[in-house]
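Visitor: Hi! I'm new to reading protein structures. Could you walk me through this one?

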Amino acid sequence: MTAREIRLMQHLAFPLLLLTISLCWPAPSFAQTKLTADDFVDALRVAATPIDIDVKEIHERALERIKKSGQKPQDRPALVEELNKQPQLILDIQFNTDSAIVRPESFQTLGRLADALYHPYLLDRKILVVDHIEATGKRQNNLELSQKRANAIREALVTTFRISPQRVLALGLGEEQLQDRAKAGAGANRRVQVIVIGKR
């Protein structure tokens, strides 16, 4: 796995975890090659406030915003701000161009995520997989493609790695929740969040 394949980010609300990560992560490009399933466990085991997620409702809300809003990408607020407040990983999963087919080199990353989900600390946790796309091309197409990509990741976790389907939800937000709104078309906005949403 290359240094581009995984980016790990822990929200600032969890300083102890950041300290843990920083101890094994002196420089981002160096540490990304060293992250293990245990690092994933550390990032996701932090106590979180359970949140109710209605994937269908959020998707419909995103569609409504696309139909109504003429806002430029840099002016759009996050569609589901509470997702950014939960313990999470940010992964760089590679797909074929304009496709929801996960590229083979990203299955190692998904395998490490699956290993983490089998860890005793996380066996009772439910996660939400959220796919995002940078603001290029048609906005509604990006929303639909990101939902398909989130579904593909969930499918891989459930079928290839035998994670219980009750533990994994999938949500595509397209370009509705950009990480770098000042550079809406930047690759940094193409990412996958893995978020703890509660216990099963």
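**A chat about strands, loops and cores**

Guide: Happy to! Keep in mind that this is a predicted model. A good place to begin is strands β3 and β5: β3 covers residues 125-132, and eight bridges join it to β5, with the two running antiparallel.

Visitor: Which residue stands opposite arginine 191 of β5?

Guide: That is histidine 132.

Visitor: And how many bridges join β2 to β5?

Guide: Four bridges do, and these strands run antiparallel too; β2 spans residues 88-91. As one pair to look for, leucine 89 has valine 194 in β5 as its bridge partner.

Visitor: Why is β5 described as largely enclosed?

Guide: Strand β5 runs over residues 191-199, and eight of those nine residues are buried, so the rest of the structure largely encloses the strand.

Visitor: Back to arginine 191 for a second. Is it buried or exposed?

Guide: Arginine 191 is buried, yet it has no salt bridge. Glutamate 134 is the nearest side chain of opposite charge, and it is 8.4 Å away. A salt bridge needs the charged atoms within 4 Å, so that pair does not count as one.

Visitor: What does the side chain of arginine 191 reach, then?

Guide: It reaches the backbone oxygen of asparagine 189, at 3.0 Å.

Visitor: Cool. New topic: how many residues are in the largest nonpolar core?

Guide: It has 26 residues, and Leu89, Leu91, Ile93, Leu113, Ile153 and Leu157 have the most contacts inside it. At least two residues each come from α3, β2, α5, β3, α6 and β5. The element that gives the most is α5, with five residues.

Visitor: Which residues does isoleucine 153 touch?

Guide: Leaving aside residues up to four places away in sequence, isoleucine 153 touches Ile93, Phe95, Leu110, Val129 and Val192. There is also another core lying apart from the largest one, with 17 residues, including Val55, Leu63, Leu171 and Leu173.

Visitor: Let's try the loops. Where does aspartate 98 lie?

Guide: Aspartate 98 is in the loop between β2 and α5. Its phi is near 50°, which is a positive value in a residue other than glycine.

Visitor: Why does aspartate 98 count as exposed?

Guide: Its relative accessibility is 67%, and the cut-off for exposed is over 50%, so it qualifies.

Visitor: What about arginine 162, buried or exposed?

Guide: Arginine 162 is exposed, with a relative accessible area of 65%. You'll find it in the loop between α6 and β4, and its phi is positive as well, near 60°.

Key. Residues are numbered from 1 along each chain as its sequence is written. This is a predicted model: local features need pLDDT of at least 70, side-chain atom pairs count only at pLDDT 80 or more; totals for chains, interfaces and linings use all residues. Side-chain values use heavy atoms; hydrogens and water are left out. Buried means under 20% relative accessible area, exposed over 50%, partly exposed in between (1.4 Å probe, protein chains only). Two strands pair if DSSP finds at least two bridges between them. Lys and Arg count as positive and Asp and Glu as negative; His and the chain ends are not counted. A polar contact is a pair of N or O atoms within 3.5 Å; within protein, one must be able to donate a hydrogen and the other to accept it, and residues adjacent in sequence count only if both atoms are side-chain atoms. A nonpolar core is a set of buried Ala, Val, Leu, Ile, Met, Phe, Trp, Tyr and Cys residues joined through side-chain atoms within 4.5 Å. Contact means heavy atoms within 4.5 Å.
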